[in-house]
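The following exercises concern the structure shown below. Each consists of a task and a solution that proceeds step by step.

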Amino acid sequence: MDPDNLKQAWQSQASQTRLTIDAELLVTELRRNQQQFFATIFWRDVREIGVCLLMVPLWIYRGMSQSTPWTWYLTVPAMLWVAGYMLVDRIRYTRQPPEPSESLRQHVESSLAQVEHQIWLLRNVHRWYLLPPSLSLLAFLSQLAWLLRSGGWWTVFAVIDAIVLLALCFAAIYRLNQYAVRTVLEPRHQELETLLMSLKDEMPEIH
Amino acid sequence: MLEENPESLFKNWLTEHGGAVLKVARAYTLTTVDCQDLVQEILLQVWRSLPQFQGRASPSTWFYRVALNTALGWQRKERRRQVRQQPILEVEDLPVAGLNSAQQVAQREVVERLYLAIRQLPKTDAALVLLYLDGLSYRQMAEVLGISESNVGVKLNRAKKVLGGLMNGEPHGP
């Protein structure tokens, strides 16, 4: 079939389709959706950054009330580091979705940059998120073991148990993040790269 | 920036360009529920982006940009599927003046086959074909996609050939 005939059929059919939109209801629905969107972003930031910041006074209070060794307080800078890192990352790479009114190519490029940054962040989660608290807790447990060395093997076993539990917990967080990269971000990255490739300049066919 | 009240502008544009949104949504989804979901998502993005509309592009080009960008990044979400007591949008096919019922059926069939063929095209080719079928100029297509006019020409020629083949029942490889 000739493309121009297809175009004609498409346009005449389109002109015979009546789309009735309840604009009032739609605007109400859109306002509600937008409020939900901002609430989601706000609570995600509160959850991720706020929890870390909230842990700081709680950690200091627990340390003082239980008269723990000084290495207990090493976790405070570790948590401040994690919260600060997330905050700086939020400011540098705003999590707002790419502007939908850009051209398709610009939109794909900015989406790709955003996905690549997310992949980098999750692939390196052990460096910026897991390592600082691991080191501080390891220092605390080692000092505790030294202080309780009179307990002999029981102390050694208790500390090893705590370290293993901690390692398992952190390994689970790491694996969960890598799972998200593999199942969500990498397929999306590939899809966006394919889209971008399909928008690159092509040479006309030569007959 | 906008001089008119965004809400009334949104409603006016909805009347003018709602059809384009529906066509984009139909081309990128398989079921009516998904189509309605995508239409709503596109309109939500239009609503959010409206304050940033600078007037550099024409409203129709701008609408296509938002619709296609949203459609290409859209993923079906089960949790969004909720039955509303009052439907937000309704689509109705009107009889075509001057055509008998057999001709109307044949024309609808052609359009249905076109949608089927478009869904088999790579996503950017599908976007190009949609813009072509809606009668946009090469310049407008280039503005929507962010590529050069000559590139639009090359890609569109190839996409039209593939579309023609699909309409004639030829299989399309990946």
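The two domains of chain B, according to the domain assignment, have centres 19 Å apart, taken over C-alpha atoms. The model is a predicted one, and confidence is therefore treated in the first exercise.

**Exercise 1. Confidence in chain A**

Determine the mean pLDDT of chain A and state in which elements of chain A confidence is lowest and highest.

Solution. Step one: the average pLDDT of chain A is 86, and 92% of the residues score at least 70. Step two: the lowest confidence in chain A falls in strand β1 (residues 17-21), with a mean of 70. Step three: helix α6 (residues 153-198) of chain A has the highest, at 93.

**Exercise 2. The overall form of chain A**

Compare the radius of gyration of chain A with that of a compact globule of 207 residues.

Solution. Step one: establish the elements. Chain A contains six helices and one strand, in the sequence order α-β-α-α-α-α-α. Step two: make the comparison. A compact globule of 207 residues would have a radius of gyration near 17 Å, whereas the value for chain A is 27 Å. Step three: add the dimensions. The C-alpha trace of chain A spans about 90 × 50 × 25 Å along its principal axes. Step four: consider burial and contacts. Of the 207 residues, 12% count as buried. Among contacts in chain A with a separation of 6 or more, 75% join residues 24 or more positions apart. One pair that is distant in sequence is A:Leu53 and A:Leu80, 27 residues apart along the chain, whose C-alpha atoms are separated by 6.7 Å. A:Leu53 belongs to helix α2 of chain A and counts as partly exposed, because it has 15 C-beta neighbours inside 10 Å.

**Exercise 3. A backbone angle in a loop**

Locate A:Ser67 and decide whether it is buried or exposed.

Solution. Step one: A:Ser67 lies in the loop of chain A between α2 (23-65) and α3 (75-92). Step two: its phi is positive, about 40 degrees, although the residue is not a glycine. Most residues other than glycine have a negative phi. Step three: A:Ser67 has 7 other C-beta atoms within 10 Å and is therefore exposed.

**Exercise 4. The side of chain B that touches chain A**

How many residues of chain B are in contact with chain A, and which helix gives the largest share?

Solution. Step one: 56 residues of chain B contact 41 residues of chain A. Step two: the elements of chain B that each supply at least two residues to this side include α1 (6-28), α3 (59-73), β1 (89-93) and α7 (149-167). Step three: α3(B) contributes the largest share, eight residues. Step four: by class, this side of chain B comprises 28 nonpolar, 15 polar and 13 charged residues.

A single residue illustrates the contact. B:Lys123 is part of helix α5 of chain B; leaving aside neighbours within four places in sequence, B:Lys123 is in contact with A:Leu195 and B:Leu72. B:Lys123 counts as partly exposed, because it has 17 C-beta neighbours inside 10 Å.

**Exercise 5. Domains and cores**

Describe the contact between the domains of chain B and identify the largest nonpolar core.

Solution. Step one: the domain assignment of chain B gives domain 1 (1-76) and domain 2 (101-169). Step two: their contact takes eleven residues from domain 1 of chain B and twelve residues from domain 2 of chain B. On the side of domain 1, α1 and α3 of chain B each supply at least two residues. That side of domain 1 has seven nonpolar, one polar and three charged residues.

Step three: the largest nonpolar core has 55 residues, and B:Val21, B:Val24, B:Ile42 and B:Ala67 have the most contacts inside it. Each of the two domains of chain B gives this core at least three residues. Not counting residues up to four places away in sequence, B:Val24 touches B:Ile42, B:Ala67, B:Leu68, B:Ala71 and B:Leu130. Step four: a second, separate core of five residues includes A:Cys52, A:Ala78, A:Val82 and A:Tyr129.

**Exercise 6. A buried helix segment**

Which residues of α6(B) are buried, and what covers them?

Solution. Step one: B:Met141, B:Ala142, B:Glu143, B:Val144 and B:Leu145 are buried in α6(B). Step two: their cover includes α4 (104-123) of chain A, together with α3, α5 and α7 of chain B. Step three: just after α6(B), B:Gly146 takes a positive phi of about 80 degrees.

Key
Residues are numbered from 1 along each chain as its sequence is written. Chains are lettered from A and ligands numbered from 1 in the order in which they are written. This is a predicted model: local features need pLDDT of at least 70, side-chain atom pairs count only at pLDDT 80 or more; totals for chains, interfaces and linings use all residues. Two residues are in contact if their C-beta atoms, placed from the backbone, lie within 7 Å. Helices (H or I, at least four residues) and strands (E, at least two) are DSSP runs, numbered from the N terminus. Ala, Val, Leu, Ile, Met, Phe, Trp, Tyr, Cys and Pro count as nonpolar, Asp, Glu, Lys and Arg as charged, and the others, Gly among them, as polar. Domain bounds come from an automatic or database domain assignment. The radius of gyration is taken over C-alpha atoms; the globule rule is 2.2 Å times the number of residues to the power 0.38. A residue is buried if 20 or more other C-beta atoms lie within 10 Å of its own, exposed if 12 or fewer, and partly exposed in between; C-beta atoms are placed from the backbone. pLDDT is the predictor's confidence in each residue, from 0 to 100. A nonpolar core is a set of buried Ala, Val, Leu, Ile, Met, Phe, Trp, Tyr and Cys residues joined through C-beta atoms within 7 Å.
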